[in-house]
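Please keep the sequence and the model side by side while reading. The paragraphs that follow start from a single residue and work outward to the whole chain.

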Amino acid sequence: MIIIQKKEVLNLKKILTLINQLNVLKSTISLLLEVPFFIAAYDFLSNVKGFRDAVLWGNSVLSMPDGLLFGINILPLLMTIINICSTSIYTKGQSLKSKIQLYVIAILFLALLYNSPSALVLYWTFNNLFSLSLYHTKF
């Protein structure tokens, strides 16, 4: 009788482990669904002829990285700060593993978008700000 209970407990632990792994996969599916849209936005915003002449804050052209502070791209840094703040708000009460995963993604986006056109970084930053504002009005 005790052996059967131990097997049931082991089976239950295996099931819970599988459910946890599925939850992690579920959280990355939404990101994977966003990737094609992000690639399309990147392609579109990188090739819009109107951005080649559009100026941001006096000296930065929207089709180029901003380089606003002595050649340092400020917009990707601002985007990363907003992403990290959003992550800390969205993941209240969640496990450290899921928080770390989202922080790593924020840093990854900094690396990927550091030399991207300012228009794309502005798009991503304002998208995150808009999502954050919707989150605050919802809760």
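**From one threonine to the whole chain**

Leaving aside residues up to four places away in sequence, Thr87 touches Lys99, Leu102 and Tyr103. The model is a predicted one, and in it Thr87 belongs to helix H2, which covers residues 74–90. The side chain of Thr87 also reaches back within that helix, coming to 2.9 Å from the backbone oxygen of Asn83. With a relative accessible area of 8%, Thr87 counts as buried, because that value falls under the 20% cut-off.

Thr87 is one of several buried residues in H2, the others being Leu75, Pro76, Met79, Thr80, Ile82, Asn83 and Ser86. Around the helix axis these residues cover an arc of only 165 degrees, and they therefore lie on the same side of H2. The general geometry helps here: an α-helix has 3.6 residues a turn, so residues three or four places apart point the same way. The length of H2 can be checked as well, because its 17 residues, at 1.5 Å a residue, should span 24 Å, and the C-alpha atoms at its ends are 24 Å apart, in agreement with that expectation.

Two of the buried residues of H2, Leu75 and Met79, also appear in the largest nonpolar core, a set of 12 residues that further includes Phe38, Leu45, Leu62, Phe109, Leu113, Ala119, Leu120, Val121, Leu122 and Trp124. The elements that give two or more residues to this core are H1, H2, helix H3 (96–113) and helix H4 (118–138), and H4 supplies the largest share, with 5 residues.

A second residue to look at is Ala41, which sits in helix H1, residues 2–47. Is Ala41 buried or exposed? Its relative accessible area is 13%, and because this is under 20%, Ala41 is classed as buried. Although Ala41 and Tyr123 are separated by 82 residues in sequence, their C-alpha atoms are 8.7 Å apart in space.

Turning to the chain as a whole, its secondary structure consists of 4 helices and 2 strands, which follow one another along the sequence in the pattern α-β-β-α-α-α. Of the contacts between residues at least 6 apart in sequence, 64% join residues at least 24 apart. Buried residues account for 25% of the 139 residues in the protein chain, while the chain exposes about 10000 Å², of which carbon and sulfur atoms supply 71%.

Notes:
Residues are numbered from 1 along each chain as its sequence is written. This is a predicted model: local features need pLDDT of at least 70, side-chain atom pairs count only at pLDDT 80 or more; totals for chains, interfaces and linings use all residues. Side-chain values use heavy atoms; hydrogens and water are left out. Buried means under 20% relative accessible area, exposed over 50%, partly exposed in between (1.4 Å probe, protein chains only). Contact means heavy atoms within 4.5 Å. Accessible areas come from the Shrake-Rupley method with a 1.4 Å probe; for residues, only the protein chains shown count as cover. A polar contact is a pair of N or O atoms within 3.5 Å; within protein, one must be able to donate a hydrogen and the other to accept it, and residues adjacent in sequence count only if both atoms are side-chain atoms. The expected span of a helix is 1.5 Å times one less than its number of residues. The arc is that of the directions from the helix axis to the C-beta atoms. A nonpolar core is a set of buried Ala, Val, Leu, Ile, Met, Phe, Trp, Tyr and Cys residues joined through side-chain atoms within 4.5 Å.
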